[in-house]
Structures are given as structure tokens and as C-alpha cells.
Amino acid sequence: MKRRSFVKKTFQWLAGLGLLTGLYSWQIEPFWMQFVYIKMPLKNLPDDLIGKTVMQISDVHIGNSFDYQYIIDSFKEAQELNPDFVVYTGDYVTYEDDEQISQLQEVLKFVVKGALGTIGILGNHDYGIDFVEDDVARNITKSLEDVGVTMLRNDAVEINGLNFLGMDDFWGSNFYPKKATAKYNPEKANIALCHNPDVCDLPVWNNFKGWILSGHTHGGQVKPPFLPALILPVKNKNYDAGIKDLKDGRTLYINSALGCLRQVRFNVRPEITVFLLAKEV
């Protein structure tokens with residue numbers, strides 16, 4: 001093959017591969033949701049909660065940036081698993097104006113609820129433009145409470161011997177995490193909900209031992225093979241996705257998000273996480 005012909009065919013092949021990759025990243029992977037199953041050992045877990053499930057849904061980002069019918073379809077699929085607990089770890093909308101509140105309320109007609117309890121916290125996008133609009137946060141909180149989600153805003157709730165601590169978002173205007181961690185009970189099984197995993201590095205934890213469930217990063221949404229994610233909105237770049245042993249009795253899990261801030265994903269599929277409760281020995 002002549003050199004010119006070889007170069008031309010190579011260029012055509014690479015261009016075609018790039019087009020296919022772009023189409024896949026835009027039209028397929030953002031909607032290719034997976035259930036991720038993880039064992040969650042907890043100290044002091046009551047015997048009657050062994051084998052129960054905690055489902056984590058994070059960063060649904062309802063708005064105009066992508067077709068959120070996919071979120072409704074994912075909620076319907078998640079309901080079929082009949083989770084015992086469901087936790088929502090923030091960023092319910094990609095806020096532009098109050099249309100997103102109405103869109104969220106439409107999606108929440110299909111909200112996934114736990115048989116024993118349903119708990120939520122807020123994320124940065126739930127504070128509106130520039131994350132400073134407290135009225136947007138209140139409206140989103142009310143929309144979730146109206147469908148039976150217990151919203152924790154720097155607070156805690158105990159359900160059947162399982163203590164959930166929930167803090168408002170690190171970037172929001174109501175970030176008072178010590179109000180939540182003050183309700184840490186070392187005699188109980190504890191799970192903390194914290195949208196932004198960077199909070200794990202702050203001195204606010206009151207000697208907390210247990211699991212911390214977060215979101216925010218979306219796993220970077222785009223992760224070239226064998227390379228780190230290109231964009232992570234956190235200071236600690238180790239906080240990308242998955243399980244992180246913090247080496248002090250805390251285990252962090254970073255959910256890769258169900259929705260998208262922008263409709264593109266590559267090598268980071270959207271997820272709903274299902275934790276199987278077990279007693280730590």
C-alpha cells in the first residue's frame with residue numbers, strides 16, 4: 001500500500017472511531033444505568049437488620065440538560081428491588097429557574113422509597129444559581145418531604161436501631177456539619193450522608209465510626225482507560241468514585257451519579273448503589 005493511501009485510510013478509520021466513541025458517550029452510556037451491589041458491615045447493627053438493604057441514589061440532576069424520562073424509568077426499575085432503606089445524597093436538579101422545581105415534582109411521582117425508611121440530604125445544585133439561593137433549597141426540601149422523604153439538614157434520625165446522620169452541602173449556605181455529627185451515637189450502627197466527599201477531610205466528625213455515603217463527583221463522567229478522570233470537582237483527587245477506606249474507622253463510598261450535569265459519559269456508567277447490611281466483627 002502506498003504511503004499516501006495508508007495515511008488516508010488510517011485517518012478515515014480514526015475519524016470513524018472518534019465518531020462512534022462520541023455517539024456512544026452522548027447517546028448510550030449516559031443512559032446505561034447499572035446497579036452496584038456492595039456489602040456494608042456496621043458495628044452494633046441490630047440482628048433484625050442483618051441482610052437488609054440500603055439503596056443510594058445520588059445526583060439525578062433533573063432539568064433541561066438531558067432527557068430525565070430516563071430517571072423516571074430508572075426509579076421504576078429500582079422500585080422492583082424493594083429496598084428496605086433508600087437514601088438520596090443530593091443534587092436533585094440542575095437549576096436554571098423555577099421550572100426545575102416543577103420538573104422535579106413530576107419525577108417525584110415515581111420516587112423510590114424504602115420499606116423501613118427514606119432519607120435525603122441536599123447537594124450544591126439544590127441551592128440554585130451560584131449555590132446561594134436558600135429559597136430554592138427550601139422548595140426542593142419541601143418537594144421531597146411532600147412525597148415522604150425525611151430530609152436531614154444537619155440533623156440525624158434513628159430508624160430501627162440504624163442512626164442516619166445527614167449534613168447540608170459543603171458549598172451551600174447552611175453547612176453546619178457539627179450539628180449532625182453531634183448526634184453520632186457510638187452505641188448504635190451509624191451511616192452518614194454527605195454530598196461532597198471533601199468534607200471527610202474537615203475536623204467535624206466527632207470521632208465518627210461507620211460508613212459515609214456521598215456523591216457530587218459523578219466519577220468524573222469521563223475517564224480515559226488507565227487514566228484518572230479528567231475533571232473532578234473536589235480538592236482531594238483521590239475522591240473520585242467507589243469505596244475509600246479512610247483508615248480511621250470511617251469508610252467512604254462515592255456514588256458515580258444516576259444523572260448528568262451534561263449529557264456525556266465515558267467509562268463511568270451511571271449507577272444506583274445497593275448496600276447489603278452485615279454486622280462488623
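Leaving aside residues up to four places away in sequence, which residues does S25 touch? They are P30, Q263, V264, R265 and F266. This is a good place to begin a walk through the structure, which is a predicted model. S25 sits in helix 1, which spans residues 3–28. With a relative accessible area of 8%, S25 is buried, because anything under 20% counts as buried. To get a feeling for distances in the model, you can also look from S25 across to I212: these two residues are 187 places apart along the chain, and their C-alpha atoms are separated by 30 Å.

Let us move on to helix 2, made of residues 69–79. Which residues of this helix are buried? They are Y70, I71, I72, S74, F75 and A78. A general point about helices helps in reading such a list: an α-helix has 3.6 residues a turn, so residues three or four places apart point the same way. The buried residues of helix 2 pack against several other elements, namely strand 1 (34–42), strand 2 (53–57), strand 3, helix 3 and strand 12 (271–279).

One residue of helix 2 deserves a separate visit, and that is I72. Its relative accessibility is 6%, so I72 counts as buried. Once neighbours within four places in sequence are set aside, I72 is in contact with V107 and F110. I72 and V107 are 35 residues apart in sequence, yet from C-alpha to C-alpha they are 6.0 Å apart in space.

From here we can turn to charged residues. Side chains of opposite charge can pair when their charged atoms come close. How many salt bridges does a search of the whole structure find? The search finds nine, and three of them are described here, beginning with R153 and D168. In this pair, the closest N and O atoms are 2.9 Å apart. R153 is in the loop between strand 5 (150–151) and strand 6 (155–159), whereas D168 is in the loop between strand 7 (162–166) and helix 5 (177–181), and the two residues are 15 residues apart. The partners are covered to unlike degrees: R153 has a relative accessibility of 25% and therefore counts as partly exposed, while D168, at 2%, counts as buried.

Strand 6 itself also takes part in this pairing of charges. D155, a residue of strand 6, is linked to K183 in the loop between helix 5 and strand 8 (189–193), 28 residues apart. Their side chains meet in a salt bridge with an N to O distance of 2.6 Å. Both ends of this bridge have some access to the surroundings: D155 is partly exposed at 28% relative accessible area, and K183 is partly exposed at 44%.

The loop between helix 5 and strand 8 also holds K188, and strand 6 holds E158; this pair ties together parts that are 30 residues apart in sequence. The salt bridge between K188 and E158 has its closest N and O atoms 3.3 Å apart. K188 is partly exposed, with a relative accessible area of 28%, and E158 is partly exposed as well, with 43%.

Charges of like sign can also be found together. On the surface, E96, D97, D98, E99, D134 and D135 gather in a patch of negative charge. One of these residues, D98, lies in the loop between strand 3 (85–89) and helix 3 (99–107). D98 has a relative accessibility of 47%, so D98 counts as partly exposed.

We finish with the backbone. Most residues other than glycine have a negative phi, and most peptide bonds are trans. What is the phi of Q221, which is not a glycine? It is positive, at about 65 degrees. Q221 lies in the loop between strand 9 (210–214) and strand 10 (242–245), and with a relative accessibility of 8% it counts as buried. K247 is not a glycine either, and K247 too has a positive phi of about 65 degrees. You will find K247 in the loop between strand 10 and strand 11 (250–254). Is K247 buried or exposed? At 71% relative accessibility, K247 counts as exposed, because the cut-off for that word is over 50%.

Notes
Residues numbered from 1 in each chain as written. Predicted model: local features only at pLDDT ≥ 70, side-chain atom pairs only at ≥ 80, totals over all residues. Heavy atoms only, no water. Salt bridge = Lys/Arg side-chain N within 4 Å of Asp/Glu carboxyl O. Helix = DSSP H or I, 4+ residues; strand = E, 2+ residues; numbered from the N terminus. Buried < 20%, exposed > 50% of the residue type's maximum accessible area, 1.4 Å probe, protein only. Patch = residues over 30% accessible without salt bridge, like charges linked within 9 Å, V, L, I, M, F, W, Y side chains within 5 Å. Areas by Shrake-Rupley, 256 points an atom, 1.4 Å probe, with all protein chains shown as cover. Lys, Arg positive; Asp, Glu negative; His and termini not counted. Charge placed at Lys NZ, Arg CZ, Asp CG, Glu CD. Contact = heavy atoms within 4.5 Å.
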